[in-house]
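Please open the model in your viewer and keep the sequence panel beside it, since each stop on this tour begins with a selection to make. The route goes from a sheet to its strand pairings, then to cysteines, and ends at a single threonine.

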Amino acid sequence: MLGILPSFSSSAMRRSTVKLAPLAISFGLFLVFCSLTPAAEAYDSLDPNGNITIKWDIMQWTPDGYVAVVTMYNYQQYRHIQAPGWILGWKWAKKEVIWSMVGGQATEQGDCSKFKGNIPHCCKRDPTIVDLLPGTPYNMQIANCCKGGVISSWVQDPANAASSFQLSVGQAGTTNKTVRVPKNFTLKAPGPGYTCGIAKVVKPSKFVSQDGRRTTQALMTWNVTCTYSQFLSQKSPTCCVSLSSFYNDTIVNCPKCTCGCQNNITQPGSCVEGDSPYLASAINGPGKSTFTPLVQCTSHMCPIRVHWHVKLNYKEYWRVKITITNFNYRMNYTQWNLVVQHPNFDNLTRIFSFNYKSLTPYGTINDTAMLWGTKFYNDLLMEAGPYGNVQSELLFKKDPLTFSFQKGWAFPRRVYFNGDNCVMPPPDAYPWLPNASPRLMGPLILHIIAFWTALTFLLIYV
């Protein structure tokens with residue numbers, strides 16, 4: 001039997017190993033590349049079609065270029081751009097210059113020394129554009145401009161989910177065939193996080209007059225699509241979730257060192273105690289102008305904590321209290337929003353002091369809710385301190401087929417604050433339902449217990 005088995009020499013085995021080694025190395029490098037590439041991180045399962053689209057409309061030709069209106073549309077349902085606002089950049093394809101702008105401005109003029117007489121607004125090959133501030137004179141405004149770069153989310157405030165500016169471009173093409181689209185678009189909001197694709201020429205935009213009786217169109221239009229990735233935006237999380245319930249005395253805090261660890265020895269000033277006598281000087285320190293977070297010293301070190309408390313249990317309903325606490329001394333969160341995923345949102349009966357919008361990222365499954373503050377009441381989350389929190393209560397109707405307090409069912413699956421995913425505690429740390437809890441037993445179970453107790457009493461004493 002052994003004689004018919006093929007024999008392999010040691011040299012042949014070495015040759016086959018040498019041949020397979022490059023393939024194994026290539027496959028290993030491919031796996032490493034796939035694990036490092038951030039492209040998949042830009043996909044948000046709760047907002048799969050969310051993006052910011054930059055539309056560049058050429059409205060008229062000039063002797064050496066064109067006049068264009070650039071508009072940024074925020075098609076993200078719950079992610080907005082807050083102060084200090086967006087920063088848009090690109091690289092010209094040729095030697096274009098910006099003669100003038102309305103509704104926005106370039107941060108740097110660049111070298112315009114070769115021009116005599118009329119000096120361009122910007123001569124840089126890679127200009128950086130920002131929005132104008134509120135209160136700008138009317139002759140420097142256009143529609144959807146001058147909000148300090150703040151753009152609302154599509155669901156929260158669709159009327160303010162766009163920002164525009166107008167620019168006159170020189171030393172450019174003067175026809176559809178000679179003009180060249182810019183390249184290397186970048187969008188900061190105000191930091192990193194957005195990745196922009198290449199500009200694509202599309203059908204010219206159409207504009208309808210106010211009376212609806214006439215339609216005009218742009219001479220040429222191209223679009224740029226930018227998508228957000230939390231992985232690229234910051235190295236560490238920015239929010240966490242804590243849990244508690246009426247049926248368990250345990251308060252599950254945010255995991256330790258969720259957003260960083262207290263390290264005032266190697267990194268002095270990384271946090272500050274709320275009762276510190278140096279609090280005011282720390283807030284007004286060097287990081288104030290750059291909006292560098294200054295958080296209150298906590299075990300989790302997160303700027304934002306979302307607390308979910310299962311408050312009460314009724315016969316046909318149950319109640320939850322949500323509290324959002326700001327631990328950042330240098331940030332007021334304007335137009336904040338919260339996205340929560342829980343299977344009982346299909347039976348949400350009432351919500352107090354928050355606005356509510358149902359999100360259905362999975363078609364007909366209604367398990368995701370977007371919450372935000374009421375205007376002029378609690379739409380502003382103040383900096384860390386006694387007023388640095390907002391709260392509300394939610395009333396759910398029980399579904400007999402799915403409702404349960406067991407195994408952490410009453411707690412959310414996912415929580416987002418301002419579009420960033422918050423870190424949840426590990427499931428094994430959730431407040432668990434006690435093994436025996438008369439307060440939570442249904443009427444049928446109570447009747448059965450009473451019946452067997454009475455029957456036992458009769459059998460023993462009668």
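Two strands are taken to pair if DSSP finds at least two bridges between them. With that criterion in mind, and remembering that this is a predicted model, begin by selecting β5 together with strand β6, residues 128-131, where three bridges join the two strands in an antiparallel arrangement. Within this pairing, pick out A106 and look across to I129, its bridge partner in β6.

Now widen the selection to the sheet as a whole, which is open and consists of four strands in the order β5-β6-β3-β8, with antiparallel pairing. Its edge strands are β5, covering 104-106, and β8, covering 183-188, each of which pairs on one side only. If you look along the sheet, the twist from one strand to the next averages 20 degrees.

Next, select strand β3, residues 87-91, which is joined to β6 by three bridges and runs antiparallel to it. On this side, G89 has T128 of β6 as its bridge partner. Turning to the pairing of β3 with β8, you will find four bridges, again with the strands antiparallel, and here I87 stands opposite K188 of β8.

From the sheet, move to the cysteines. How many disulfides does a search of the whole structure find? The search finds eight, and the tour visits three of them, including the pair C112 and C123, whose sulfur atoms are 2.0 Å apart. Both C112 and C123 lie in the loop between β5 and β6, 11 residues apart. The torsion about their S-S bond is about 115 degrees, so this disulfide is right-handed. C112 counts as buried because its relative accessibility is 8%, and C123 counts as buried because its relative accessibility is 14%, the cut-off for that label being under 20%.

While this region is displayed, select C122 as well. Why does its sulfur form no bond with the closest cysteine sulfur? That closest sulfur belongs to C123 and lies 6.6 Å from the sulfur of C122, which is too far for a bond, because a disulfide requires the two sulfur atoms to be within 2.5 Å. C122 is itself buried, with a relative accessible area of 1%.

Continue to C145 and C146, which are joined by a disulfide with an S to S distance of 2.3 Å. The angle about this S-S bond is -70 degrees, and the link is left-handed. As for their surroundings, C145 and C146 are both buried.

Then select C196 and C226, a disulfide in which the sulfur atoms are 2.0 Å apart. This link is right-handed, with 100 degrees about the S-S bond. Because C196 belongs to strand β9, residues 194-196, and C226 to strand β13, residues 220-228, the pair ties together parts that are 30 residues apart in sequence. C196 is buried, with a relative accessible area of 16%, while C226 also counts as buried, at 0% relative accessibility.

For the last stop, select T325, which is placed in strand β19, residues 317-326. Is T325 buried or exposed? With a relative accessibility of 15%, T325 counts as buried. To see what surrounds it, display P303, I304, R305, G388 and N389, the residues that T325 contacts when its neighbours within four places in sequence are left aside.

Key. Residues are numbered from 1 along each chain as its sequence is written. This is a predicted model: local features need pLDDT of at least 70, side-chain atom pairs count only at pLDDT 80 or more; totals for chains, interfaces and linings use all residues. Side-chain values use heavy atoms; hydrogens and water are left out. Axes are lines fitted to C-alpha atoms, for helices over the stretch in contact, and angles run from 0 to 180 degrees between N-to-C directions. Buried means under 20% relative accessible area, exposed over 50%, partly exposed in between (1.4 Å probe, protein chains only). Contact means heavy atoms within 4.5 Å.
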